[in-house]
Amino acid sequence: MPRTDSAKPRHPLSSAAAVLAESVDDAAFATTLAKGLVVLEAFKAGSPLLGNMELSTLTGIPRPTVARLTHTLAELGYLRYDAERAKYRVGARALRIAHPLLAGMQFRQVARPMMQELALSVRGTVSIGLLDATSMIYVETARSGDVGPHAPDIGMPIPVVMTAMGRAAAATLPPGDADRLERNIAAEDAELWSAFRDKYRAGIAQGKSRGFCTCWGEYMASIHAVAAPLFHASESKQTFSINCGIPAFRLQPGQLESEIGPRIAALADSIRAIVGQAELMPPRKTRKITSAGT
């Protein structure tokens, strides 16, 4: 039977491929469109050029179908064909999709000068992330000069379960959403969830009690990080946190928790104070003032 809307998960699956696999019985699901998005998602920073055979192997979609999809996406500008290599790369038009989303996060422009100041002060990176399924997506970032092997960039995903940024974001979720997120992480990678479950839950507790949580090289061994919850916007269903990552060799013993953690928590407080509730919630109705002042 087709899946009803009420049966759909509140948190989306982590990739178009996963949604495609889950939606085989959904009569309202546009399979061809989904396959096109699966092809687009196959392109990563480490594999910017892919041919039809490689895409077929990566996605599990038959090569003739992939060829039609890549041709269509190239005609539309979402892919660009490299004739010399007989491969495709993501086209400039793909950036247009991200712009409306980023433009709706005006608090980023308010936050960035303060983020840059902290990044320069600690000689690291300061970034804002948006929760997306079981990943955090960087939506703003600032950094000092040499920040080591991990240089965050807008649009880059990192896993929720292994990172301070992910745990801080989870700390802002309503209980039901937090439970669903845990189930999705466990269903996606049971081994990863088993390995990091206790640290993940401890990080959430730390974020709630201290205003920040720490990560000691769990995602990338050479980078230690702290992160603070920013906010969960109930209207847009968007959840944000802010982190600070520093090469481990630059940190003094105890500095991450005693100095950097409180500073990232204070920065989160400052951003919320400057942005105000108008940015986070639907506008409130203004009460009319009568001549009597009532």
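Mentor: A nonpolar core is a set of buried Ala, Val, Leu, Ile, Met, Phe, Trp, Tyr and Cys residues joined through side-chain atoms within 4.5 Å. Buried means under 20% relative accessible area, with exposed over 50% and partly exposed in between (1.4 Å probe, protein chains only). This model is predicted: local features need pLDDT of at least 70, side-chain atom pairs count only at pLDDT 80 or more, and totals for chains, interfaces and linings use all residues. Residues are numbered from 1 along each chain as its sequence is written, and side-chain values use heavy atoms, leaving out hydrogens and water.

Trainee: Which helix or strand gives the most to the largest nonpolar core?

Mentor: Helices (H or I, at least four residues) and strands (E, at least two) are DSSP runs, numbered from the N terminus. The largest core has 32 residues, and Phe107 and Phe240 are among those that touch the most other members. Elements supplying at least two residues each include strand E8 (238–247) and helix H10 (255–275). With eight residues, the element that gives the most is H10.

Trainee: Is His224 buried or exposed?

Mentor: His224 sits in strand E7. Its contacts (heavy atoms within 4.5 Å) include Trp216, Cys244 and Leu256, not counting residues up to four places away in sequence. Because its relative accessibility is 17%, His224 counts as buried.

Trainee: What is the bridge partner of Leu79 in E2?

Mentor: Two strands pair if DSSP finds at least two bridges between them. Strand E1 (residues 79–82) and strand E2 (residues 87–90) pair in the antiparallel sense over four bridges. In E2, the partner of Leu79 is Val90.
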